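Please open the structure in your viewer and keep the selection tool at hand. The stops below take you from the overall layout to single residues, and each one says what to select and what is there.

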Amino acid sequence: MDESPIDGFYSVIPAGGVGSRLWPLSRADAPKFLHDLTGSGQTLLKDTWDRLAPLSGDDRIMVVTGRAHRAAVEAQLPGLADHNVVLESEPRDSTAAIGLAAAILERREPGVIIGSFAADHVISGAALFRAAVADAVAAARAGYIATIGITPTEPAVGFGYIECGAPLAIEGAERVEAVASFVEKPDLDTAKRYLAGHDHLWNAGMFIARADTLLEEIARNKPELHAGLLELAEAWDDPSTRGPAVDRIWPRLEKIAIDYSVAEPAAAAGRLAVIRGHFAWDDVGDFASLAKLNTAGRSGELAILGENARVLSDASSGIVVSRSKRVISLIGVHDIVVVDTPDALLVTTSEHAQRVKAVVDALRLGGSNDVL
């Protein structure tokens with residue numbers, strides 16, 4: 001396997017979001033990407049860096065994160081160059097984060113191809129991942145915006161789906177297809193139909209494109225947002241102009257996910273290509289998926305996370321995450337979720353794990369920001 005960096009390729013890691021479905025483990029000051037959720041001994045962010053460094057080189061990875069997380073991010077990533085740290089004054093969703101990275105990199109290196117990969121996903125199968133990214137880069141060189149969809153392994157209802165269209169003949173790529181449409185999270189019967197039909201992939205939020213092509217798509221659909229991103233990029237590499245520009249422009253940028261500003265309209269116009277990813281992928285979206293990840297999908301087992309966890313279990317299954325010194329005893333409970341931290345305790349079941357976000361929303365509305 002060729003392990004040299006892909007020519008002309010730059011990796012972008014948006015490291016934002018709290019991961020509210022993993023509360024109270026994931027908090028505003030310690031978001032999901034700064035935790036070791038797999039037992040690898042390092043954070044999801046560092047795992048992401050290690051996965052991308054062979055593809056682009058250490059000096060060609062840009063991280064977009066919040067100002068409050070700069071120190072933690074730089075501590076995790078000693079190879080991250082200072083000029084490749086892009087700090088958001090406040091979250092403005094993925095179009096602003098990825099679009100700003102594209103605008104900065106296009107000014108520095110016209111024609112550069114960028115790939116955006118979330119900081120908090122779990123991927124295994126390095127050779128398969130590299131092959132998919134290489135095909136996506138080839139599609140980007142041919143003028144497409146490319147995404148990597150994940151071949152479903154079960155009828156999941158927690159993911160959006162990509163409907164594959166006709167095959168595209170692209171030089172340097174083994175298999176690329178047009179995207180027919182994006183599909184919101186389906187019900188179970190629809191998800192089962194997608195799994196059986198082989199024309200739908202999970203949407204993993206990976207986008208690869210020439211930076212100028214990506215910016216053109218933003219300009220078509222969100223011209224005011226595009227103008228703000230270009231103005232920010234123009235001021236970015238001069239420390240004397242960057243701060244005032246961020247303070248003036250960033251809060252006014254529209255908050256919108258890149259799926260809606262770029263991917264869906266590009267698909268409708270025939271400008272979006274998809275590569276089937278056959279590597280193992282998990283977005284660790286809730287504690288049920290975290291339990292499955294840490295038991296290798298074996299039902300009836302109990303996953304225990306926590307460096308000094310003190311857990312006694314008898315005929316129980318699910319997951320326990322311990323960040324306190326308390327002894328946690330489980331007797332005869334199945335598919336349980338227990339997350340114990342010094343100032344907050346969560347108890348639910350795998351079936352209801354997606355509803356944790358509603359608890360976070362309620363706490364925020366109630367003014368309980370001290371535990372968020």
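Begin by colouring the two domains separately: the centres of domain 1 and domain 2, taken over C-alpha atoms, are separated by 29 Å. The model is a predicted one, and the bounds to use for the colouring are 7–280 for domain 1 and 285–364 for domain 2. If you then display the contacts across the boundary, you should find 14 residues of domain 1 in contact with 22 residues of domain 2.

**Between the domains, and beyond**

Select V284 next, in the loop between β11 (280–282) and α10 (287–294). Although V284 is not a glycine, its phi is positive, at about 45°, and its side is easily lost to view, for V284 is buried, with a relative accessible area of 0%.

For a contrast, move to A315, which sits in the loop between β13 (310–314) and β14 (318–322). A315 is another residue other than glycine with a positive phi, near 55°, but here the relative accessibility is 53%, and A315 therefore counts as exposed, the cut-off being over 50%.

**A cis peptide bond**

Now go back towards the start of the chain and select W23 and P24, which are joined by a cis peptide bond with omega at about 5°. P24 belongs to the loop between β1 (9–15) and α1.

**Helix α4 and the strand residue I275**

Select residues 126–141, which form helix α4. How far apart are the end C-alpha atoms of this helix? They are 22 Å apart, and this agrees with the 22 Å that 16 residues should span at 1.5 Å a residue. Within α4, the buried residues to highlight are F129, R130, A132, V133, D135, A136, V137, A138, A139 and A140. Just after the helix, G143 takes a positive phi of about 100°.

Keep α4 on display and add I275, which is found in strand β10 (residues 272–277). Is I275 buried or exposed? With a relative accessible area of 2%, I275 is buried, because buried means under 20%. Leaving aside residues up to four places away in sequence, the residues that I275 touches include A132, D135 and A136, which are also among the buried residues of α4. Other residues touched by I275 include A146, T147, I148 and G149, as well as R175, V176 and L201. If you measure from I275 to E177, C-alpha to C-alpha, the distance is 6.6 Å, while in sequence these two residues are 98 apart.

**Two cavities**

A search of the whole structure finds two cavities of 30 Å³ or more. The largest cavity has a volume of about 60 Å³, and to see its lining you can select T48, R51, L52, F117, A118, H121, I123, F129, A204 and M206. The elements that give two or more residues to this lining are α1 (44–56) and β9 (200–210), with the largest share, three residues, coming from α1. By class, the lining of the largest cavity divides into seven nonpolar residues, two polar and one charged. F129 is worth keeping selected for a moment, since this lining residue is also one of the buried residues of α4.

The second largest cavity holds about 30 Å³ of space, and the selection that shows its lining is I98, I114, I145, F207, I208, A209 and L214. Here β9 gives the most, with three residues. The lining of the second largest cavity has seven nonpolar residues, with no polar and no charged ones.

**Helices α7 and α3**

For the last stop, select helix α7 (residues 223–236), whose 14 residues reach 20 Å from the first C-alpha to the last, close to the 20 Å expected at 1.5 Å a residue. The residues buried in α7 are L225, H226, G228, L229, L232, A233, A235 and W236. Which elements do the buried residues of α7 pack against? They pack against β3 (85–88), α3 (93–108), α6 (211–221) and α8 (239–249).

Of these, add α3 to the view: its 16 residues reach 24 Å from first C-alpha to last, close to the 22 Å expected at 1.5 Å a residue. In α3, 13 of the 16 residues are buried, so this helix is largely enclosed by the rest of the structure.

Terms used. Residues are numbered from 1 along each chain as its sequence is written. This is a predicted model: local features need pLDDT of at least 70, side-chain atom pairs count only at pLDDT 80 or more; totals for chains, interfaces and linings use all residues. Side-chain values use heavy atoms; hydrogens and water are left out. Helices (H or I, at least four residues) and strands (E, at least two) are DSSP runs, numbered from the N terminus. The expected span of a helix is 1.5 Å times one less than its number of residues. Buried means under 20% relative accessible area, exposed over 50%, partly exposed in between (1.4 Å probe, protein chains only). On a 1 Å grid over the protein atoms alone, a cavity is a set of points where a 1.4 Å probe fits but cannot get out, and a pocket is an open set with protein on both sides within 12 Å along at least five of seven lines; lining residues have an atom within 4 Å of a point. Grid points are joined across faces, edges and corners, and a volume is the space filled by probe spheres set on the points. Ala, Val, Leu, Ile, Met, Phe, Trp, Tyr, Cys and Pro count as nonpolar, Asp, Glu, Lys and Arg as charged, and the others, Gly among them, as polar. Domain bounds come from an automatic or database domain assignment. Contact means heavy atoms within 4.5 Å.
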